[in-house]
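Reader: Please take me through a close look at the side-chain contacts, charged ones to begin with. Keep it brisk, and give me your cut-offs as you go.

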Amino acid sequence: MRIVSGIQPTGNLHLGNYLGAIRNWVKMQDEVAAQGGQCLYFLADLHAISMPHVPADLAANTREMVAALVACGIDPDRSILFNQAQVPQHSEMQWLLNGTARMGWLNRMTQWKDKAGKNREGASVALFTYPVLQAADVLLYQATHVPVGEDQKQHLELARDIAQKFNNDFGTEDAPLFTLPAPFIPPEAARIMSLRDGSSKMSKSDPSDMSRINMTDSADTIMQKVKKAKTDPEPLPSEKEGLEGRAEAKNLVSIYAVMTGTTVDAVLAEFGGEGFGKFKPALGELLVEKLAPINVRFVELREDRESLDAILCKGASKARELAIPTLEKTYEALGLVRG
């Protein structure tokens with residue numbers, strides 16, 4: 001079993017990032033390693049340039065994401081952790097697969113339609129061909145499984161279509177060049193909402209810092225943000241159904257459940273009938289306890305550029321070693337002469 005998964009190197013990491021994706025990566029690492037498998041996790045910096053960006057921010061965010069991943073439990077000795085830009089085989093494979101991918105397939109991608117909007121003529125070519133690079137990201141390593149959420153299912157199907165067509169056109173039935181990756185459905189990622197508006201996701205783009213728990217927040221700041229989180233005057237219900245129509249209350253209870261590894265019903269069994277004057281301090285203390293070790297390690301690592309670059313360099317070396325054989329076979333299958 002070989003799992004390949006990427007994450008955009010965004011800055012200002014918060015609780016939503018941790019509970020929504022990073023924690024599942026750590027769990028996959030442990031479970032797959034126990035089964036003798038392998039996980040490759042990459043920072044999708046090549047994908048990031050498909051949209052307008054500030055180069056200095058991209059470099060800083062890439063290193064910051066490495067610090068966060070390691071602080072949260074990704075072990076560079078057990079998983080292969082790298083950024084795309086240090087493995088040029090990703091870009092090469094994308095170009096080779098561009099000959100197999102079809103315009104019609106890419107035109108149907110909903111993310112292309114959403115991100116380009118009405119100004120498709122003004123969107124970058126990279127945004128349009130983004131899914132081909134995603135296909136290259138996984139086919140390059142003969143990935144057997146790719147973690148997918150609802151928003152990425154279509155891209156994985158495209159990767160399988162490209163792999164299948166390439167195998168049909170340039171391989172043989174007995175010796176297909178690419179493995180068709182299967183979807184790996186991780187445990188449902190927690191959807192963490194804003195502390196100021198329970199109908200909006202927790203986001204770094206929210207102008208109010210009080211809307212999110214940042215990975216760099218101190219214990220005092222976490223407690224302050226939780227105590228000031230928006231709620232309603234009603235006490236907590238004893239059953240989950242009682243949270244309907246109470247978005248902010250539902251969000252806080254959900255965070256407590258995820259952080260303790262239990263269910264919303266179990267949390268309400270403990271706190272049902274209580275007001276937020278009791279629940280908020282309990283939630284704040286829980287977050288401080290769980291996040292403090294991650295916070296300390298993250299802040300420490302974030303300042304150690306030498307160590308972060310060494311982690312990326314080591315991971316990229318391992319990734320290139322795995323990628324080169326498949327890339328060479330792809331060049332050969334296409335009839336391209338290599339010296």
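Author: Start with Asp309 and Arg305. Asp309 makes a salt bridge with Arg305, and their closest N and O atoms are 3.6 Å apart. A salt bridge here is a side-chain nitrogen of Lys or Arg within 4 Å of a carboxyl oxygen of Asp or Glu. The model is predicted, and residues are numbered from 1 along each chain as its sequence is written. Local features need pLDDT of at least 70 and side-chain atom pairs pLDDT 80 or more, totals for chains, interfaces and linings use all residues, and side-chain values use heavy atoms, with hydrogens and water left out.

Asp309 and Arg305 belong to helix α13 (residues 305-333). They are four residues apart there, so about one helical turn separates them. Helices are DSSP runs of H or I with at least four residues, strands are runs of E with at least two, and both are numbered from the N terminus. Asp309 is partly exposed, at 28% relative accessibility. Arg305 is exposed, at 53%. The cut-offs: buried is under 20% relative accessible area, exposed is over 50%, and partly exposed is in between, with a 1.4 Å probe and protein chains only.

Some salt bridges also share partners. Asp209, Arg212, Asp217 and Lys225 are joined into one network that way. One link in the network is Asp217 to Lys225, with the closest N and O atoms 2.8 Å apart. Asp217 is buried, with a relative accessible area of 9%. Lys225 is buried too, at 1% relative accessibility.

How many salt bridges does this rule give? The count comes to 14. Take Arg302 and Glu64. Their side chains meet in a salt bridge at 3.9 Å, N to O. Arg302 sits in helix α12 (residues 276-302) and Glu64 in helix α3 (residues 55-72), so the bridge ties together parts 238 residues apart in sequence. Arg302 is partly exposed, at 32% relative accessibility. Glu64 counts as buried, at 13%.

Next, charges outside salt bridges. Glu239, Glu241, Glu244 and Asp265 gather in a patch of negative charge on the surface. Patch members have over 30% relative accessible area and no salt bridge; like charges are joined within 9 Å, and nonpolar side chains (Val, Leu, Ile, Met, Phe, Trp, Tyr) within 5 Å. Asp265 belongs to helix α11 (residues 264-271). Asp265 is partly exposed, at 39% relative accessibility.

Now the rings. The whole structure yields ten aromatic pairs. Rings of Phe, Tyr and Trp (its six-membered ring) pair if their centres lie within 6.5 Å; planes under 30 degrees apart are stacked, over 60 edge-to-face, and the rest tilted. Trp25 and Tyr41 are a stacked pair, with 4.2 Å centre to centre and 10 degrees between the planes. The pair links distant parts of the chain: Trp25 is in helix α1 (residues 15-34), Tyr41 is in strand β2 (residues 38-43), and they are 16 residues apart. Both Trp25 and Tyr41 are buried.

Phe166 and Phe170 give a tilted pair, because their planes stand at 50 degrees, with the ring centres 4.9 Å apart. Both lie in helix α8 (residues 153-170), four residues apart, about one turn of the helix. Which of the two, Phe166 or Phe170, is buried, and which is partly exposed? Phe166 is buried, at 0% relative accessibility. Phe170 is partly exposed, with a relative accessible area of 37%. Elsewhere, Tyr256, Phe271, Phe276 and Phe279 form one aromatic cluster.

Helix α8 also holds Lys165. Lys165 is partly exposed, with a relative accessible area of 22%. Lys165 and Ala101 are 64 residues apart in sequence, yet 8.5 Å apart in space, C-alpha to C-alpha.

Helix α1 has a similar entry in Val26. Val26 is buried, with a relative accessible area of 14%. Val26 and Gly73 are 47 residues apart in sequence and 5.8 Å apart in space, C-alpha to C-alpha.

One backbone point to finish. Most residues other than glycine have a negative phi. Gln142 is not a glycine, but has a positive phi of about 55 degrees. Gln142 sits in the loop between α7 (125-139) and β4 (145-147). Gln142 is partly exposed, at 21% relative accessibility.

Key:
Areas by Shrake-Rupley, 256 points an atom, 1.4 Å probe, with all protein chains shown as cover. Lys, Arg positive; Asp, Glu negative; His and termini not counted. Charge placed at Lys NZ, Arg CZ, Asp CG, Glu CD.
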